Amino acid sequence: MMTENNFFTHIQNWSVCKADTTEPPKFFRQSFDLADKTIVPYDELSSWKNKTPLQNLIPHFFIEDYKQTCFADNPLKHSEFLDACYAVFSPDYSVFTNSYSQFNNANLLLNRLVASYWQSLGRYVILTLSWAGADTYDTAFSNIEKGCIVGISTEGVSDWECFKNGFLEMLKRVEPSKICWYDRIPEWVSNYYDIDNIIVMKKRHKAAKEREFEKLRKMQPCLF
């Protein structure tokens, strides 16, 4: 049944996305420095901007899908915040190893379309990469200029063999200059990639506990 509420209807509504959507648009390498910048969850951006200037913040999208689907309808959503940030990760729409390849590839393509569009606006963009089986590699890794800064998450990974195979394919095709890594880094990663080029992103609950500890330490230094 045809409906008006589907993936390609959203894409056709974007004035910049009238080109062919059968393969990912090009994503270009950008040169920018992540030193002294704070990476925060996108859904916490409003609270962080009261503590740190927006120009020092980089929002990531390793959050629930429903909190980022707004960009499928309108990639200009919340531009007043994202334009003021130093850089931004591209969305992270979920893929699953036990799902239809059409579903996974559509979500990966949507991620890339938003990422490419945000680059065209002049933003620094960290490309969020995810994959499922080998049938997603072309959508996940094609048309990416080698040496980009990318973001990866291992949260929710259950099939580690699938993850490792995709990771090695990503290294071969993308050759990232730096990886921003959310959640646990498997020990085997150091056999294939320079750990010094990985920025470890703390999980939300761990970062929150550390902030609370620091607040208590400042209030009652004699206790610590």
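Helices and strands are taken here as DSSP runs, with at least four residues for a helix and at least two for a strand, and they are numbered from the N terminus. With that in hand, E44 can be placed in the loop between strand 1 (38-41) and helix 2 (45-48). The model described here is a predicted one.

A look at the whole chain is a helpful start. The protein chain holds eight helices and seven strands. It has 224 residues, of which 45% count as buried. Its accessible surface comes to about 12200 Å², and carbon and sulfur atoms account for 50% of that area. Among contacts between residues at least 6 apart in sequence, 67% join residues at least 24 apart.

The sheet offers a convenient way into the fold. Five strands form an open sheet in the order 3-4-5-6-7, and their pairing is parallel. Strand 3 and strand 7 (198-201) stand at the edges with a single partner strand each, so one side of each has no neighbour in the sheet.

The sheet can now be followed strand by strand. Strand 3 pairs with strand 4 in the parallel sense over two bridges, and V88 stands opposite V125 of strand 4. These two strands, together with helix 5, make a right-handed β-α-β unit. Strand 4 (residues 125-128) is covered on both faces: V125 and L127 are buried on one side, and I126 and T128 are buried on the other. Two bridges also link strand 4 to strand 5 (residues 149-153), again in the parallel sense. Here L127 has V150 of strand 5 as its bridge partner.

Strand 5 continues the sheet through a parallel pairing with strand 6 over five bridges. Between these two strands the chain passes through helix 7 (residues 160-174), in a right-handed β-α-β crossover. One of the facing pairs is S153 and Y182, the latter in strand 6. Four of the five residues of strand 6 are buried, so this strand is largely enclosed by the rest of the structure. Strand 6 (residues 178-182) runs parallel to strand 7, and four bridges join them. Across this pairing, I179 stands opposite I198, while C180 stands opposite I199.

Some individual residues add detail to this picture. H60 is found in strand 2 (residues 57-60). With a relative accessible area of 3%, H60 lies under the 20% cut-off and therefore counts as buried. Leaving aside residues up to four places away in sequence, H60 touches I39, V40, P41, Y42, F89, Y182 and M201. Y182, one of these contacts, is the residue that S153 faces in the sheet.

E44, introduced at the outset, is buried as well, with a relative accessible area of 16%. The C-alpha atom of E44 is separated by 8.4 Å from that of P59, although their positions lie 15 residues apart along the chain when counted as a separation.

The surface has its own feature to explore. F96, Y100 and F103 form a nonpolar patch there, with about 360 Å² of accessible area together. Y100 lies in the loop between strand 3 (88-89) and helix 5 (101-120). Its relative accessible area is 67%, so Y100 counts as exposed, the cut-off being over 50%.

Definitions and conventions:
Residues numbered from 1 in each chain as written. Predicted model: local features only at pLDDT ≥ 70, side-chain atom pairs only at ≥ 80, totals over all residues. Heavy atoms only, no water. Buried < 20%, exposed > 50% of the residue type's maximum accessible area, 1.4 Å probe, protein only. Contact = heavy atoms within 4.5 Å. Patch = residues over 30% accessible without salt bridge, like charges linked within 9 Å, V, L, I, M, F, W, Y side chains within 5 Å. Areas by Shrake-Rupley, 256 points an atom, 1.4 Å probe, with all protein chains shown as cover. Salt bridge = Lys/Arg side-chain N within 4 Å of Asp/Glu carboxyl O. Pairing = 2+ DSSP bridges. Right-handed = clockwise from strand over helix to strand, strands pointing away.
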